[in-house]
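Trainee: I would like to learn how to read strand pairing, chain shape and chain contacts from a model. Could we work through one case together, beginning with a small detail and moving outwards?

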Amino acid sequence: MIAFNKYYNQFNILSISLVVISLLFLIFKGLNFGIDFKGGILIELRSTDSKVNVSSLRDRFNQMDLGDVSVKKFGNETDYLIKFENKDNKKNIIEEVKKNLDKSFGNNIDFRRVENVGPKVSAELLRSGIIAISVALALMLIYIWIRFEWQFSLGAICALFHDVIVTLGLFSLLGLEINLSIIAAVLTIVGYSMNDTVVIFDRVRENLRKYADIKIFELTNISINETLSRTLITSITTLLALVSIFIFGGEILKGFSLAMIFGVIFGTYSSIYIANTILVRLNVSQKTILKDEEKN
Amino acid sequence: MLYFSKLKIIFILIISLFLILIASSNLFKFDNNFLKRNINLGLDLQGGSYLLLEIDNKPVIEQKLQNLTITLRDYFKGKNIKLVNFILQNEKILFKVNEKDKQKVLDIFNDKKSEINPYYERFKSHQLEITEENDFLSVIFSKQGLIKLKTSSQEQALEIVRRRIDEVGTNEPNILKRGNDRILVELPGLDDPMRIKTLLGKTANLTFRFVSNNNEDSFGNEKLNYEDEEGSEFVSKRIILSGDNLLDAQPRMDSEANETVVTFSLDRVGAKRFGKATSKGIGRQLAIILDGKIISAPVIQDTIAGGSGQISGGFTFQSATDLALLLRSGALPAPLNIIEERTVGPSLGQDSIDAGIIALIIGFILVIVFIIVKYKIFGIITNTALIINLLLLVGVLTLFEATLTLPGIAGIILTVGMAVDANVLIFERIREELKNEKNRLIAFDSGYSKSKTAILDANITTLLAAIILFFMGSGPIKGFSITLGVGIFTTLFSVYFIARLLTVLYISKNKNKEIVI
């Protein structure tokens, strides 16, 4: 049996600092919102012309006076991702850009993907993204509250907030882009982290009924160990699937799968070192669950 | 938990085989209509264009209020009440009236049987709201009045948008209402939406008006530019003829002038008016105006009585075709703005499919190998259930002809990764039970029953996340929520029916041998 409980304090301090650091990053550095949430234009283009490279593209775009333009390689040697604000809200901006590029590079440029999100839509998408995550957290809270005692709910919710905040904090730190698929990833992380926590809690509660004389400090450790191989196997298979998406699934899914990979790792960690320690700190005992069962 | 009745086994087999058969219809062509189903590919996989259009209702509201000022003046004149100092600004009419008549006016507006301010019984609201503002009375559309106006202009716009897109002839466009002032257009397979965007960007408000001799911006005149931005003309505000009177419009090569023109034919009312105007106005210039810009302003040579004519204006064949198309399909009630556009070229779509399938195959193999190494014989059972799970998932998606997007493929891969969770929970539990329980059957049975709540909890939480995504997400993300959500049900089915059935078969065959999980 691994003595997870020996490190409860250390890891709690670590988690609290991670959350605080993440919050500081989120407040002061902020998130790198993509055009879904910020508005603007994204063009993914492919060119077989050797004249086309990041700097020649950047020159070309800067001449068009589009404001802040970002030009990046995107996966392949021949693919580029260009993003800019459409500050004057010009109607035919994409056609103008295309014409302009064709003029300088000949007709060797193929627009593989174009996204143009107006300011009104991006504001709505951001709002609905925030609502979606809030509703998800609220629903999880209600669900776990129905299923378990309040001490357990508190533990699970703390674990959830930890995972969401630290994942977003990491995105802020690394300057990775937040777009619609990241919202999907965060929601899935919420589901996954909850799932992981609930499995251990289920065992904790079962053991609470079984052993009246074991203190919660020991009991959580027993429960973690009993469910450990399941926790690891599921995390590993999920990570295998995610790593496969990350490596082979194409550029578009990179952000999504990376967010999920972080989330699964944090989720696994938090169900061991956050959810359980809260039970210990709230001094949950057999009485806690029996009292509740009498009431029902 | 271990007993299966014969009936149940047959039931499980029928469901599985049925769904697998449906799934296979993505690969083979069936003649049967019921089996002839396919998973729809989302725009991000097959390529295509997604456009979200917003109707700019401001001109409509102002036009309506403009008309209303005349109606109000005439109506109250009939009641011997004089309304003066009309001002139209910020979607609001302001006017003055004698102090003694004020209450009368207010009463007429607020009467449920009012002739000028319709009352909607269903919404308990009038169309217009009247309030006192300093010396003025102010009239605006009420909340319900505005909603009515918006939905009606949305309905008209939807019809016109549909006609224009149908005329261009793209395959299976999807044109839907969103809210009360938006229209969503999905155009599968279209990689360059430029033409459609140009066509939808035009209100196509056509009018024929005389060029005025009076060269000043006065009440009855306005200065309009030519479409090519070269020169302008003072044009009368009086409309001789509008696009509403048009029956048909076609591009044609005018061999005499050697240029492309648009010919049109008018309905009876239009023909009469056109005839009258051209006979009176011989020698005058008649301006043909589209969306506030003059296309051309030819001098009338002769009376045009036949109800048909032609518009020239230095068109190319393409621009003449487009103009004819716009005139045929009619004018939009209000300008449309494209507020969101997402276009994926077919080559990227195919690349995404390829990448998604490779990621799925590799992810699948990795998980399968890991499980075999971990669980040996029970790994084979888990993997069999996993493969069937995948087929069932594809089967259900095909059955409902769901739309598969790139995030949707990610959802399937994720399902593969998470689906083993339930079996792992069960096997780990059985392992524990086997330590204390000598009777294998009892150990297996309690392993299944004791792991049940954890499995249920785990899947409900994921399902909750998927449901929220379904309702909040758009397009591609919705595709993810669908595969994730459906995956949960097929996972539970494959774990509790397929894997359990296989487990039962295995232990009843090996009654006397040692079983190790």
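Mentor: Let us begin with one bridge, bearing in mind that this is a predicted model: B:Glu133 has B:Phe136 as its bridge partner, and B:Phe136 belongs to strand E8 of chain B.

Trainee: How many bridges join E7(B) to E8(B), and in which sense do they run?

Mentor: Strand E7, residues 128-133 of chain B, is joined to E8(B) by six bridges, and the two strands run antiparallel. Together E7(B) and E8(B) make a hairpin that leaves two residues between them, and in that turn B:Asn134 has a positive phi of about 55°.

Trainee: Which other strand of chain B pairs with E8(B)?

Mentor: As a general idea, side chains in a regular strand alternate between the two faces of the sheet. In this case, strand E4 (residues 92-97) of chain B pairs with strand E8 (residues 136-141) in the antiparallel sense over three bridges, and one can follow the pairing at B:Ile93, whose bridge partner in E8(B) is B:Val139.

Trainee: How should I read the overall form of chain B, with its radius of gyration of 35 Å?

Mentor: First take the inventory, which is 13 helices and 21 strands for chain B. The radius of gyration of 35 Å is well over the 24 Å that the globule rule gives for 517 residues, so chain B is more spread out than a compact globule. Along the principal axes, the C-alpha atoms of chain B fill a box of roughly 110 × 70 × 35 Å. Buried residues make up 41% of the 517 residues, and among the contacts in chain B with a separation of 6 or more, 69% are between residues 24 or more positions apart.

Trainee: How many residues of chain A are in contact with chain B, and which elements do they come from?

Mentor: The size of an interface is often given as the accessible area lost when the parts come together. Here we count residues instead, and 56 residues of chain A are in contact with 53 residues of chain B. On the chain A side, the elements giving two or more residues are strand E5 (109-117) and the helices H5 (119-147), H7 (180-210), H8 (216-248) and H9 (254-281); H8(A) supplies the largest share, 14 residues. By type, that side of chain A divides into 29 nonpolar, 15 polar and twelve charged residues.

Trainee: Over how many bridges does E5(A) pair with a strand of chain B?

Mentor: E5(A) pairs with strand E20 (residues 336-344) of chain B over five bridges, in the antiparallel sense, and within this pairing A:Asn116 has B:Glu341 of E20(B) as its bridge partner.

Key: Residues are numbered from 1 along each chain as its sequence is written. Chains are lettered from A and ligands numbered from 1 in the order in which they are written. This is a predicted model: local features need pLDDT of at least 70, side-chain atom pairs count only at pLDDT 80 or more; totals for chains, interfaces and linings use all residues. Two residues are in contact if their C-beta atoms, placed from the backbone, lie within 7 Å. Helices (H or I, at least four residues) and strands (E, at least two) are DSSP runs, numbered from the N terminus. Ala, Val, Leu, Ile, Met, Phe, Trp, Tyr, Cys and Pro count as nonpolar, Asp, Glu, Lys and Arg as charged, and the others, Gly among them, as polar. Two strands pair if DSSP finds at least two bridges between them. The radius of gyration is taken over C-alpha atoms; the globule rule is 2.2 Å times the number of residues to the power 0.38. A residue is buried if 20 or more other C-beta atoms lie within 10 Å of its own, exposed if 12 or fewer, and partly exposed in between; C-beta atoms are placed from the backbone.
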